[in-house]
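Reader: I would like a close look at a single part of this protein. Please keep the explanation plain and connected.

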Amino acid sequence: LKTHIRSLSPADDVLKQARVSKSWQQVTPKALVTKLNSGVSFKDVFPNKTALEIVDWIEKNGAVRYLYHADFSNIENFNDHCIEKVVKNCPLLTHLTASNTISPSVLDTILASCPNLKTLHLVQVTLTPRLVEMLSS
């Protein structure tokens, strides 16, 4: 088993190592949160997952409550519903990057649910007049 794990290096490739050992599977959510907090995007960690699958993972893993850096750029169909679930489960967020269209009500939800938010990056977001008004005030 040790030889097999070494062949899967580098050590930060947590996803491959998690498949090798049950003990790694227990560590995986915490290790993934650490990786995400370093600035890695969800698309890089979960390249073949849909927005709903990523949100489902977030809802099922208590370790995400320690997530403070969340980059959801380039994830198709990451919509208002997804953002609402993320901010509900990740109250310590300080940095949030999202793409696709978001509504003004979701911006209100983000700001109300994440009191520590320092950075909000909206990538390729369709800005409605209401969003522009909210962001400029």
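Which residues does Leu93 touch, not counting residues up to four places away in sequence?

Author: The model is predicted. Leaving out residues up to four places away in sequence, Leu93 touches Leu67, Tyr68, His69, Ala70, Val86, Val87, Cys114, Asn116 and Leu117.

Leu93 belongs to the largest nonpolar core, which has 31 residues. Together with Phe42, Ile58, Phe72 and Phe78, Leu93 is among the members that touch the most other members. Several elements each supply at least two residues of this core: helices H3 (22-37), H4 (42-45), H5, H6 (80-89) and H7 (104-113), along with strands S1 and S2 (95-99). The most comes from H5, which gives 5 residues. In soluble globular proteins, nonpolar side chains tend to be buried together.

One of the residues that Leu93 touches, Tyr68, deserves its own description. Tyr68 lies in the loop that runs between helix H5 (51-60) and strand S1 (69-72). Tyr68 counts as partly exposed because its relative accessibility is 39%, and partly exposed covers the range between under 20%, which is buried, and over 50%, which is exposed. On the surface, Tyr68 joins Tyr66 and Leu92 in a nonpolar patch, and the three have about 310 Å² of accessible area together.

For the setting of this part, the protein chain has 8 helices and 3 strands. From the N terminus on, their order is α-α-α-α-α-β-α-β-α-β-α. The protein chain has 137 residues, and 40% of them count as buried. Its accessible surface comes to about 8000 Å², with 53% belonging to carbon and sulfur atoms.

Notes:
Residues numbered from 1 in each chain as written. Predicted model: local features only at pLDDT ≥ 70, side-chain atom pairs only at ≥ 80, totals over all residues. Heavy atoms only, no water. Patch = residues over 30% accessible without salt bridge, like charges linked within 9 Å, V, L, I, M, F, W, Y side chains within 5 Å. Areas by Shrake-Rupley, 256 points an atom, 1.4 Å probe, with all protein chains shown as cover. Salt bridge = Lys/Arg side-chain N within 4 Å of Asp/Glu carboxyl O. Helix = DSSP H or I, 4+ residues; strand = E, 2+ residues; numbered from the N terminus. Buried < 20%, exposed > 50% of the residue type's maximum accessible area, 1.4 Å probe, protein only. Core = buried A, V, L, I, M, F, W, Y, C linked by side-chain atoms within 4.5 Å. Contact = heavy atoms within 4.5 Å.
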